[in-house]
Amino acid sequence: MASSVSTLCSMNDFTSKASIDAILAEINADNSSILSALMKELSKEVVVVEEASASELMLKEVRSDDEAYEMYNDYAFRKGFSIRKGLIRTSRKTGLWIMRRFICSNSGFKDVKRETLRKYERSELRTGCTAFIQFSITNDGVWTVVRHNMTHNHHMIPADKRYLLRSQRDITGEQLKYLSIMKASGCRVYDLLRAMRKEVGGSPNLGFITADAYNALAAEKAMKLDGKDCNQLIRYFAQRQSSESYFYYDFELDEHGHLISFFWRVGRMKRDYEYFGDLLVFDTTCRTNRYDMICAPFVGMNHHCNNVVFGLGFLVNERIPSFIWLFESFLRSMGGGIPQTIMTD
């Protein structure tokens, strides 16, 4: 390559020998950087973990999908990985299941195209793991293990951390009922969870984590929301907005399309905020309504030292993203102006 460059330069006489040496040095530097990057990629750790030398589940039989899941989930707990439900194959003639597969939770990769925009990023745990177990299902309803791939491309979870695995966490009906009743009596969920951990001897014996409890309570609330009432509410807001130019409303849905938060304000509330918006009190202590939702009014004080309402919202749960959404909705309704003093309860 150096002789070609030298010949080209001598034929056209467009550069000196020093320039040729500089060009060759740059080419060598580029090749060196490419080689360095390639070696770095090749030197990355390749993890290959085998569950065992031979499968202890092959040819075992169960009678239902739940039994199959529990059997593989118990096995996964002993080995140190989490599982999820995978492929189902049905018979073309009868429509009945003939094959069922359960896979490692690290199987596959995240679908970036279908991912929704979030204010925070979830940890990506999928590594394309190929471990799975496959059941063959007969017409008599007998589930038999016929394939078991035990090779993982990630490390196993230590024994003292396995209770945090997603497939190992489950809040029972009795636990959820206890939390719901005590919460309705005025007890804080955090204090209830602390008492439950102490009663069973620590977090590993509880069976779920704090986030699972809040999610289960929020889901129970969402089930109480009648779809007809929600649709009627949004329709009422839309009608008022069409007839009142200064009326504003906003609402939030979860990933299943359930209404979990909404906010509204009328024109007078905005005018009051423009005059008396230097002080804002955000209170979420009121929860006395049919659906057990959190009432969150935005309140201020006028020149007569009387309370004035700037806006009103309702929330299904007490999670920080819900409060952030409500406060952002309030600021959007007021044109983005931030008060000088904010008080919360």
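1. A salt bridge here is a side-chain nitrogen of Lys or Arg within 4 Å of a carboxyl oxygen of Asp or Glu. The model under review is a predicted one. By this rule the count comes to eight salt bridges, and three of the pairs are taken up below, after a general remark. Side chains of opposite charge can pair when their charged atoms come close.

2. D65 and R100 form one such pair, with N to O at 3.0 Å. The two residues are 35 residues apart and belong to distant parts of the chain, D65 lying in helix α3 and R100 in strand β4. D65 has 14% relative accessibility and so counts as buried, the cut-off being under 20%. R100, at 4%, counts as buried too. The pair is part of a network of salt bridges that links D65, K85 and R100.

3. R169 and D212 form another salt bridge, their closest N and O atoms being 2.7 Å apart. Here again distant parts of the chain are linked: R169 sits in the loop between β7 (151-152) and α4 (173-184), D212 in helix α6 (residues 210-224), and 43 residues separate them. R169 is buried, with a relative accessible area of 15%. D212 is buried as well, with 10%.

4. In the pair R332 and D250, the closest N and O atoms are 2.8 Å apart. R332 belongs to helix α9 (residues 320-333) and D250 to strand β8 (residues 248-253), which are distant parts of the chain, the two residues being 82 residues apart. D250 counts as buried at 18% relative accessibility, whereas R332, at 44%, counts as partly exposed.

5. The largest nonpolar core has 20 residues, of which Y72, F81, F102, I133 and F135 touch the most other members. At least two residues of this core come from each of α3 (65-79), β4 (97-104), β5 (132-137) and β6 (143-149). The largest share, six residues, is supplied by α3. A second core, separate from this one, has 18 residues, including C230, I260, M269 and V316. In soluble globular proteins, nonpolar side chains tend to be buried together.

6. Which residues is F102 in contact with, leaving aside neighbours within four places in sequence? They are D65, A68, Y69, Y72, R84, K85, G86, F132, I133 and F135. Among these contacts, D65 and K85 also belong to the salt-bridge network with R100.

7. Helix α5 (residues 189-200) has twelve residues and should therefore span 16 Å at 1.5 Å a residue; the end C-alpha atoms are 17 Å apart, which agrees. V189, L192, L193, M196 and R197 are the buried residues to note in α5. These residues lie on the same side of α5, because they cover an arc of only 135 degrees around the axis. Just after the helix, G201 takes a positive phi of about 95 degrees.

8. Two backbone values deserve a check by eye. Most residues other than glycine have a negative phi. L59, which is not a glycine, has a positive phi of about 70 degrees. L59 is placed in the loop between β1 (49-50) and β2 (61-62) and counts as exposed at 62% relative accessibility. C305, also not a glycine, has a positive phi of about 65 degrees. This residue is in the loop between β11 (294-301) and β12 (307-315); C305 is exposed, with a relative accessible area of 57%.

Note on methods:
Residues are numbered from 1 along each chain as its sequence is written. This is a predicted model: local features need pLDDT of at least 70, side-chain atom pairs count only at pLDDT 80 or more; totals for chains, interfaces and linings use all residues. Side-chain values use heavy atoms; hydrogens and water are left out. A nonpolar core is a set of buried Ala, Val, Leu, Ile, Met, Phe, Trp, Tyr and Cys residues joined through side-chain atoms within 4.5 Å. Buried means under 20% relative accessible area, exposed over 50%, partly exposed in between (1.4 Å probe, protein chains only). Helices (H or I, at least four residues) and strands (E, at least two) are DSSP runs, numbered from the N terminus. Contact means heavy atoms within 4.5 Å. The expected span of a helix is 1.5 Å times one less than its number of residues. The arc is that of the directions from the helix axis to the C-beta atoms.
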